[in-house]
Amino acid sequence: MDNGLERLVFAFFNAEIAAAWAPKILEGMWVTILVSLAVVATGLALGLALAALRAYRIGPVDVAIVAFVDILRALPPLVVIIILFFAFPYLDLPMSAFTATWLSLSLVLAAFAEEIWWAGILAVPRGQWEAARSTGLGFGATLGYVVLPQAVRMTVPPLVNRVIAVTKGTALGSVVALSEIVSQASSAASLAGNPTPLTLGAAAYLAIFVPVVVLGRWLETRFAWKR
Amino acid sequence: MTSAEAVPPAPILELVALHKNFGPLKVLDGIDLAVRPRELVFVIGPSGSGKSTLLRCCNRLEEPDSGAVIVDGADIMRPGTDLNAVRQKIGMVFQSFNLYPHMTALGNVTLALRKVQGLARDAAEARGRAALAQVGLADKENSYPNALSGGQQQRVGIARALALGPKIVLFDEPTSALDPELVGSVLAVMRELKAAGMTMVVVSHELAFARAAADRVVFMEGGRIVEQGSPEAIFGNPREARTRAFVSRLSQGHG
Amino acid sequence: MAEILDTFFNIEILLRVLPFILEGLGMTLLLCAITVPIGLAGGLAVAWVWSLKKRYVNWALVVYVDFFRAFPPLVLLIFVYFGLPFVGVDLSPFAAVAIAFLLNASSYYGEIFRAGIESVPHGQWEAARASGLSRFQTMRYVVLPQATRNVLPDLIGNTLEVVKLTTIASVVALGELLHAARLAQSLVYNPTPIVAAALIYLALLWPAVRLLRHFEHRHLVAR
Ligand SMILES: Nc1ncnc2c1ncn2[C@@H]1O[C@H](COP(=O)(O)OP(=O)(O)OP(=O)(O)O)[C@@H](O)[C@H]1O
Ligand SMILES: [Mg+2]
């Protein structure tokens, strides 16, 4: 029993190995943070643009947006990453691991965000549109100043959950050798012959995402919508 | 001077042969109505008679099928009409208030001033405060709608319409969603507006208000104007049997 | 156009690798048949423990749920599969996937069931307990059926995510659909197998996406 505990500590919490490999993990952490921020920025911007565009109800555009959203909700993100990374070079469009991961996850987040926000737009009562239009605001101004702010607020909880789920997917970048936390940690673990770098990697994820999850819980209560 | 007074003033709002169908349902079946400056026209009629649709056609929130809507001398049904400009001249007050829940009272009142009239924030807020003061809510400018009573919310709704400097204000059952004890504050504001010379069209069931403030009462049924006249005539001595039946039901319903 | 088809959807290559891909599909379906029930069972257990309303236990549950909300499932799987052998626990890829999914999926399903149970009015508990049903019977026959109906869209949505997540098993060399497709691609030097896998995922999951869209809109509009 005592021996077992010693072995566990030696394997997973080896101070020497941790010190040796910490810089690599930090490097990976930096990459993870960078991709995550890029994904959140691009994904949410694209999702908002698509949701707003859909409000104009232009037939063919609607069909295209719905198809885009459906496909990216149905495909596993790892499949999207692998298609972009391995299949696009056949079109002479080589992609860096960073681009493939960032672009894939941005598209996935955009699809989910569009769907969530569009549902929010639909949930804003008709009277809000009418009141705004009756004061002379145009369609775009009504959408931008009156409807979207309400739609965005009432959809904060599902959106926060989705943002967390998609950005956690940056770990999938390791499959195409993006040098983020998982890549760094598992190559370090095999080089060191010890899983302590994996522990470090796990800790790095917790350091990044636990604050995000806590922030998410706070946002959920902060924006709980009472009508 | 004297000769000008002899000519009746041109109507601010005139509806000519207005028709509106929802599928097979004839909701407006040839409405002719002229509202002159400073006039308060009070519209009554059974549920589904087309009162709301009538008001909503005046600023084309609802698209009429045929007929003319003449606002301040111009037919707004003509192609090329700048609707958003026209709507600034026509204030509208809703049964369910429709305040923007994510904005303060002042934000609600100033949004169109800033985004349509293009006023700077300071100028917009000065006019917004004046409008809020006019409805007795100067101290509530920073309150959000969910912190206001129904009566206060509706007065913000009125201020939102007034801030744009409209030539006419349309009220669609402004007190129907209010608890009885809050109705008075809204009617008081409307009475003051009338006294200040505002032109108004009011759809409502508040007969006491109509007797005190209306210049003309219009009774609608089945998408047509059945009868119109002074409050005394319509409530006291209507010509049409349908009007009499409706008015007596209405006065019983309100004790 | 023909050239693009030749590259991305080469029928000849497709026919050659099809048996391989179908085998992968079989493994994916098997994985789903295991991970979804495991996750649901774990989630129900979490929700049951939560419903006992023992304060410290519930704090522990919040920590558990937030921990796995913050923890990428891929990292969890790698930890289980590559880490545990170092302390003498050798796991088959399949067992590693099962454990990782039990931990991950049960935290999400647990949150959903908890929200569902909270949405059932307290009077339902009281009425059932007053008629002599035990706590467990009340949960089983009165509360849970209503709770499940209330959060059905979320349950379907999470199940969709769990199914999509089975692709990470390819990282531990479990021969599911994506793994088979990637292997085939590296053998034939052509992306057709990956495209085929993507199409299979689409065919499999698109109906669920449509169903979900229907639910979500109704849910939001109804508020
Ligand atoms: N958008 C619409 N589509 C179809 N029918 C409509 C629509 N709007 C109104 N109607 C119908 O038109 C008729 C007139 O409606 P309107 O709201 O103008 O009546 P109203 O006189 O205001 O009634 P109430 O006193 O109940 O408010 C009703 O039968 C209503 O069902
Ligand atoms: Mg009406």
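The largest cavity in this predicted model has a volume of about 60 Å³. The structure holds one cavity of 30 Å³ or more. Residues from chains A and C line the largest cavity: Ile181(A), Val182(A), Ala185(A), Leu198(A), Gly201(A), Ala202(A), Tyr205(A), Val75(C), Ile78(C) and Phe79(C). Three elements give two or more residues each to this lining, namely α9 (181–192) and α10 (196–222) of chain A and α4 (73–83) of chain C. Of these, α10(A) gives the most, with four residues. Sorted by class, the lining of the largest cavity has nine nonpolar residues and one polar residue, and no charged residues. Gly201(A) belongs to the lining and is its polar member, because Gly is counted as polar while Ala, Val, Leu, Ile, Phe and Tyr are counted as nonpolar.

The next site is in chain B. Ligand 1 is surrounded there by Phe22(B), Leu25(B), Val27(B), Pro46(B), Ser47(B), Gly48(B), Ser49(B), Gly50(B), Lys51(B), Ser52(B), Thr53(B) and Glu173(B). Two elements of chain B, β2 (25–35) and α2 (51–58), each supply at least two residues of this shell. The largest share comes from α2(B), with three residues. By class, the shell around ligand 1 divides into four nonpolar, six polar and two charged residues. The charged residues are Lys51(B) and Glu173(B).

Several atoms of the shell lie at polar-contact distance from oxygen atoms of ligand 1. A polar side-chain atom of Ser47(B) lies 2.6 Å from an oxygen atom of the ligand. For Ser49(B), the backbone takes part: one of its N or O atoms lies 3.3 Å from an oxygen atom of ligand 1. Glu173(B) contributes a polar side-chain atom, 3.4 Å from an oxygen atom of the ligand. Taken alone, ligand 1 exposes 630 Å², and the protein buries 60% of that area.

Also in chain B, Arg60(B) has its place in the loop between α2 and β4 (66–71). The α2 helix that precedes this loop is the element that gives the largest share of the shell around ligand 1. Is Arg60(B) buried or exposed, and at what relative accessibility? Arg60(B) counts as buried because its relative accessibility is 17%, and the cut-off for buried is under 20%. The side chain of Arg60(B) also has a polar partner in the backbone: one of its polar atoms lies 2.6 Å from the backbone oxygen of Ile76(B).

Terms used. Residues numbered from 1 in each chain as written. Chains lettered and ligands numbered in written order. Predicted model: local features only at pLDDT ≥ 70, side-chain atom pairs only at ≥ 80, totals over all residues. Heavy atoms only, no water. 1 Å grid on protein atoms, 1.4 Å probe; cavity = no way out; pocket = protein on both sides within 12 Å on 5 of 7 lines; lining within 4 Å. Points joined across faces, edges and corners; volume = space filled by probe spheres on them. Near = heavy atom within 4 Å. Polar contact = N/O pair within 3.5 Å; in protein donor to acceptor, adjacent residues only side chain to side chain. Areas by Shrake-Rupley, 256 points an atom, 1.4 Å probe, with all protein chains shown as cover. Buried < 20%, exposed > 50% of the residue type's maximum accessible area, 1.4 Å probe, protein only.
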